[in-house]
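Colleague: Could you walk me through how to read the ligand site and the backbone here?

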Amino acid sequence: MSNITITNHPLIQHKLSILRDKDTPSKDFRELVEEIAMLMCYEATRDLPLEEIEIETPVAVAKAKHLAGKKLAVVPILRAGLGMVDGILALIPSARVGHIGLYRDPETLQPVEYYCKFPADIAERDVIVVDPMCATGGSAIDAISMIKKRGPKHIKFMCTIAAPEGLKALSEAHPDVDIFCAALDERLNDHGYIVPGLGDAGDRIFGTK
Ligand code: PRP
Ligand code: URA
């Protein structure tokens, strides 16, 4: 089974409550998705390896730490995952960004692929896949399968809200992937929406409904 972390920091939980509110306008929604992604990224990168370097401060030579090896790649699942990218880049500006375009067929709830572009050196990087919602888990499962074909070092998946069904399916399909979510909600409804959730994340980020 995957390592599952619920990032329940008070700042994240507070922002998530505003995000869920149906009266929160798109502009605020977008900003909150980005801020939550930044706070979650802080938690999800706790285990990044460090190496010792020597630096010269104005006072003395000192041993100091910096991040070891190649940096990260962030891969948003389009569209809604795009809303999380800038929050991560604010903390890790040198991260490369790949894109996977998937939409859920409204009838079958199966993910349909329409775009895929990864950094050329993704095999040498740790990857963080981002999407605000993990409902049935189908989109995350397919996106991660596509990335695995390129052989990256390690994959983490980060979402704001997950349904129990989605987390179970994702951790069974990809037990080696570490999962971070800010909230684990009750269930899916008959249309595959997370309850209570926040509605359609893509529509709320981009104001398309
Ligand atoms: C939403 C969401 C996830 C997916 C989750 O995207 O952003 O990608 O649904 O559902 P699943 O876990 O059941 O696959 P959607 O298909 O609505 O596309 P969009 O981001 O373009 O709005
Ligand atoms: N996709 C969303 O945007 N919201 C849900 O609740 C489920 C899938």
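Colleague: How far does a backbone N or O atom of G137 lie from an oxygen atom of ligand 1?

Modeller: A polar contact is a pair of N or O atoms within 3.5 Å; within protein, one must be able to donate a hydrogen and the other to accept it, and residues adjacent in sequence count only if both atoms are side-chain atoms. Here a backbone N or O atom of G137 is 2.8 Å from a ligand 1 oxygen. A80 also uses a polar backbone atom, at 3.0 Å from an oxygen of ligand 1, while D131 brings a polar side-chain atom to 2.4 Å from a ligand oxygen. Taken alone, ligand 1 exposes 500 Å², and the protein buries 91% of that (Shrake-Rupley method, 1.4 Å probe). This is a predicted model, in which local features need pLDDT of at least 70 and side-chain atom pairs count only at pLDDT 80 or more, while totals for chains, interfaces and linings use all residues. Residues are numbered from 1 along each chain as its sequence is written, chains are lettered from A and ligands numbered from 1 in the order written, and side-chain values use heavy atoms, without hydrogens and water.

Colleague: Which elements give two or more residues to the shell around ligand 1?

Modeller: They are β6 (99-104), β9 (133-134) and α4 (138-148); helices (H or I, at least four residues) and strands (E, at least two) are DSSP runs, numbered from the N terminus. A residue is near the ligand if one of its heavy atoms lies within 4 Å of it. Of the 15 residues around ligand 1, R104, D131, A135, T136 and S139 come nearest. By class, the shell holds six nonpolar, five polar and four charged residues, with Gly counted as polar.

Colleague: And the backbone: which residues does a cis peptide bond join?

Modeller: Most residues other than glycine have a negative phi, and most peptide bonds are trans. In this model, L78 and R79 are joined by a cis bond with omega about -5 degrees, and R79 sits in the loop between β4 (72-78) and α3 (82-91). The bond from V195 to P196 is cis too, with omega near 0 degrees; P196 belongs to the loop between β13 (194-195) and α6 (201-206).

Colleague: Which residue has a positive phi although it is not a glycine?

Modeller: L109 does, at about 65 degrees. Look for L109 in the loop between β6 and β7 (111-117).
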